[in-house]
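Please work through the exercises below with the structure at hand. Each one sets a task and then solves it step by step.

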Amino acid sequence: MGTLGIILFGGVALLTLAAPFELTEPLVRFPRQAITSLEAALLLAFAAWGAAILASRRLPQWQTPLTLPWLALLIAMVISSAASTVSRTNALHMTGRLTAALGVYLLAVNGLTTRARLTAAVGLAVAVGVVVSGLAILEYLGVRPVLAWLTAFRPWVATVGAQVRAGGPLQYPTIASMYLEVVFAFGLGLLLSEHDGVRPERKIRVAATFVALVVIGEAITLTFTRAGLITMATSLALVGAARRSRRGVDKGTRLVASLALVIAGLLLASRSMQSTWLRLTSEGQESWYRAKVDAPDQIEIPTGRTQKVPVTLANSGRLSWDSAATPPILVSYHWLPADGDGFVAFEGHRTPFASPVPPGSAVTLDVRVRGPEQPGRYRLEWDLVQEGRLWFSTEPGAVRAMSRAVVTGDAAAAAPDDVTPPPRPTIRPGRLVLWRAAAKMFAAHPLVGVGPDNFRLVYGAYAGLPAADPRTHSNNMYLEMFAGGGLLVGVAFLWLFWRAAGSFARLARGGALQDFALALGIAAAGLAIALHAAVDSFLSFAPIYVVFSLTLGCAVACARGAEDPSHANRV
C-alpha cells in the first residue's frame with residue numbers, strides 16, 4: 001500500500017500529536033460552528049486520506065467488527081437529535097463528534113497495517129504522554145512560565161480545597177487523567193515488548209520506557225483523580241498477572257512489579273496523608289469545610305473601631321484549620337443590615353489560629369472585628385476563609401452563624417453603606433445526585449431521550465437544583481447515553497462497547513499474536529476506558545474521543561494479527 005499507507009500512518013501520527021493540545025481559542029469561527037486546532041488536524045488528516053484514496057483508486061477497509069454497531073449508534077443519535085425538544089443543534093454537534101470518531105477509528109485500522117507501524121504509533125503516544133505529563137508536573141510545581149503558556153489550552157488551574165489538580169494542556173484534570181490512563185496502559189505493553197526484543201539497544205529502550213511510565217504515573221497522581229489511580233492500578237494488575245500466567249515470575253513480571261512499587265511511593269510522597277485520605281474517602285470537598293460557631297447573641301461596637309469578640313469554633317469538617325499553611329485558614333466575618341440578605345461589608349478582618357485545629361476539636365479565640373462607619377442595628381455573620389480559595393459559608397450545606405449587633409457613635413461623614421447582594425452559593429452535585437437525575441431523565445424520555453449531550457443543559461430540573469452548571473455531565477458515560485438518547489442510543493452504544501470488548505479480550509488472551517506484550521497494553525487501555533466510563537462522561541471532549549477512537553483502531557488492527565498470523569510483517 002506504499003504511499004497510501006504512509007499517508008494513513010501520517011494521519012494517525014498527526015492526531016496522536018495534536019490530541020492533547022487543543023487550543024482554547026478556535027482557529028476559525030463560523031456563524032454556528034467554530035473549528036479548533038484539533039478539529040483542523042482532523043480535517044487535514046481526512047482530506048489527505050480522501051486525496052490518497054482518489055489517487056490510488058483503492059477503497060479503504062471499512063468492514064470491521066465495530067463498523068456496523070458504530071453506524072447503528074450514529075443513526076440512533078441522528079434520530080434522537082431530530083426528536084430533541086431541548087437543543088437539536090447541541091445534540092447534532094455531539095453526533096458529529098462521534099461521526100468524526102468513526103473516521104479516526106477507520107483511519108487507524110487502515111493506517112496501522114504492520115507491526116512496525118503499530119509499535120511506532122504506540123511509542124509516539126507514550127512520548128506525547130511524557131510531554132503532557134511533564135507539563136502537568138511543572139503546573140503542579142507552580143512554574144510561572146509554564147502556567148502562563150498553559151492558559152492557551154485552559155483558563156485556570158483546577159483545585160479541590162487547597163490542593164492543585166494538575167491537568168497540563170488538557171481542559172480538566174479528569175480529562176487529563178483519562179488521556180494519561182490510556183497512554184500509561186500503552187506504555188506497559190511497550191515496556192514488555194522492548195524487554196522481550198532482540199535489539200542491541202534493548203536495555204536503553206527498556207530503561208527509557210520505564211522512566212517514561214514513572215513520569216506518566218506521577219502526572220496521573222497529580223491530577224488527584226480517584227478513577228485514574230484505580231485504572232492505573234488495574235492496568236498494572238492486568239498486565240502483571242497476564243505476564244506471570246504466560247511467562248511465570250520472569251524479569252518482565254518483576255519489571256512491572258517494580259514499576260508498581262515506584263508509583264505507589266510517588267503517590268504517597270506527592271501529597272500529605274491527610275489530603276490523600278480526604279480525596280480517596282469523599283466524593284468532593286463538601287464535607288471538608290464545616291464549622292460550628294458559638295458567639296455572643298448580641299454585641300455592641302463603636303463606629304469604625306476595632307474590638308475583640310470571644311468566639312468558640314468547633315471543627316466539624318474533615319480538614320485541619322491551619323493559619324500557617326498555604327493558603328491559610330482564618331476567622332473572619334461579614335456585616336449585614338438588620339433585615340435582608342445583602343451585605344454592608346463582606347470582607348472582614350482576618351484573625352489567625354494560634355495553632356492548627358484538627359477535625360473534632362474546638363478552640364476559643366478573640367476575633368478582631370471592625371465596626372461599620374454608620375451607627376445602627378446590624379447582623380454580624382461569623383465565617384472562616386481559606387484565603388484566595390473559598391468561604392466556608394458558601395460551601396454546600398453550610399449553616400450560617402449570626403450575632404445581633406448595635407453600632408454606636410456618630411454617623412461618619414461618608415455616604416451611608418451600600419448593601420451588596422450575597423455571593424452565589426457553591427453548587428457541586430455529587431455523582432449520586434447526577435446519576436439519579438440521569439435515571440429520572442431516562443424514565444421521562446425512555447425511547448429517544450432528551451438528545452445526545454443535552455443532559456448537561458436540563459439536569460438541574462431533575463436534580464432539584466436552582467442553578468445548574470451547563471458544563472456538568474452525568475459522570476457516567478453509559479447513563480449519559482441512555483439519558484441523552486434513550487433506549488435507541490443506549491442499546492446501540494452498548495452494542496458497540498460489547499463488540500469492542502471482544503477485540504480487547506482477544507488481545508488479552510494472546511493466541512497467535514506475534515507481540516503479545518504490546519497487545520496486552522492495548523487491552524489494558526481498553527479496560528481503563530471501560531472502567532473510567534462508569535464514573536465520568538468524556539466523549540464530548542475532542543481529545544478524548546480521538547484517543548478513544550485511536551485505541552479502538554489499535555485494538556482491531558492488532559487483533560487482526562491473531563486471526564491471520566501468517567504474515568510476519570503485518571500486525
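The exercises that follow concern a predicted model, and they go from the whole protein to single residues.

**Exercise 1. The whole protein**

Task: State how many helices and strands the protein has, what its C-alpha trace spans, and what share of its residues is buried.

Solution. Step 1: the secondary structure consists of 16 helices and twelve strands. Step 2: along the principal axes, the C-alpha trace spans about 95 × 55 × 40 Å. Step 3: the protein has 571 residues, and 52% of them count as buried.

**Exercise 2. An open sheet**

Task: Determine the order of the strands in the open sheet of three strands, and identify its edge strands.

Solution. Step 1: the order is β5-β7-β9, and the pairing is antiparallel. Step 2: β5 (291–294) and β9 (362–370) are the edge strands, since each of them pairs on one side only. Step 3: from one strand to the next, the twist averages 40°. Step 4: the pairing of β7 (residues 306–315) with β9 is antiparallel and comprises nine bridges. Step 5: one facing pair can be located by residue, for Ala-314 stands opposite Ala-362 in β9.

**Exercise 3. Strand β8**

Task: Explain why strand β8 is described as largely enclosed, and sort its residues by the way they point.

Solution. Step 1: strand β8 covers residues 329–337, and nine of its nine residues are buried, so the strand is largely enclosed by the rest of the structure. Step 2: in a regular strand, side chains alternate between the two faces of the sheet. Step 3: Ile-329, Val-331, Tyr-333, Trp-335 and Pro-337 point one way from β8. Leu-330, Ser-332, His-334 and Leu-336 point the other way, and both sets are buried. Step 4: β8 runs antiparallel to strand β10 (residues 376–386), to which nine bridges join it. Step 5: within this pair, His-334 stands opposite Glu-381 in β10.

**Exercise 4. The span of helix α4**

Task: Compare the expected span of helix α4 with the distance between its end C-alpha atoms, and state how far the helix is covered.

Solution. Step 1: helix α4 (residues 88–111) has 24 residues, and at 1.5 Å a residue it should span 34 Å. Step 2: the end C-alpha atoms are 34 Å apart, which agrees with the expected value. Step 3: the helix is mostly covered, as 17 of its 24 residues are buried.

**Exercise 5. Two residues in helices**

Task: Decide whether Gly-5 is buried or exposed, and give the class of Val-433.

Solution. Step 1: Gly-5 lies in helix α1 (residues 2–18). Step 2: the relative accessible area of Gly-5 is 0%, so this residue is buried. Step 3: Gly-5 and Thr-114 are 109 residues apart in sequence, while their C-alpha atoms are 9.8 Å apart in space. Step 4: Val-433 belongs to helix α12. Step 5: with a relative accessible area of 26%, Val-433 is partly exposed. Step 6: Val-433 and Val-143 are 290 residues apart along the chain, and 37 Å separates their C-alpha atoms.

**Exercise 6. Cysteines**

Task: Find how many disulfides the structure holds, and examine Cys-554 and Cys-558.

Solution. Step 1: the structure holds zero disulfides. Step 2: for Cys-554, the nearest cysteine sulfur is that of Cys-558, 8.3 Å away, whereas a disulfide requires the two sulfur atoms to be within 2.5 Å. Step 3: Cys-554 is buried, with a relative accessible area of 6%. Step 4: Cys-558 is also buried, at 4% relative accessibility.

**Exercise 7. Pocket and cavity**

Task: Describe the largest pocket and the largest cavity by volume and lining.

Solution. Step 1: the largest pocket holds about 1600 Å³ of space. Step 2: its lining has 47 residues, and Arg-165, Tyr-172, Thr-174, Arg-428 and Thr-472 lie nearest the centre. Step 3: among the elements that each supply at least two residues of this lining are α7 (173–196) and α12 (431–444). Step 4: the whole structure contains six cavities of 30 Å³ or more. Step 5: the largest cavity has about 140 Å³ of space. Step 6: 16 residues line the largest cavity, and Thr-16, Ala-125, Phe-186, Val-547 and Leu-550 are the closest to its centre. Step 7: α1, α5 (115–141), α7 and α16 (542–563) each supply at least two residues of the cavity lining.

Methods. Residues are numbered from 1 along each chain as its sequence is written. This is a predicted model: local features need pLDDT of at least 70, side-chain atom pairs count only at pLDDT 80 or more; totals for chains, interfaces and linings use all residues. Side-chain values use heavy atoms; hydrogens and water are left out. Two strands pair if DSSP finds at least two bridges between them. Helices (H or I, at least four residues) and strands (E, at least two) are DSSP runs, numbered from the N terminus. Axes are lines fitted to C-alpha atoms, for helices over the stretch in contact, and angles run from 0 to 180 degrees between N-to-C directions. Buried means under 20% relative accessible area, exposed over 50%, partly exposed in between (1.4 Å probe, protein chains only). The expected span of a helix is 1.5 Å times one less than its number of residues. On a 1 Å grid over the protein atoms alone, a cavity is a set of points where a 1.4 Å probe fits but cannot get out, and a pocket is an open set with protein on both sides within 12 Å along at least five of seven lines; lining residues have an atom within 4 Å of a point. Grid points are joined across faces, edges and corners, and a volume is the space filled by probe spheres set on the points.
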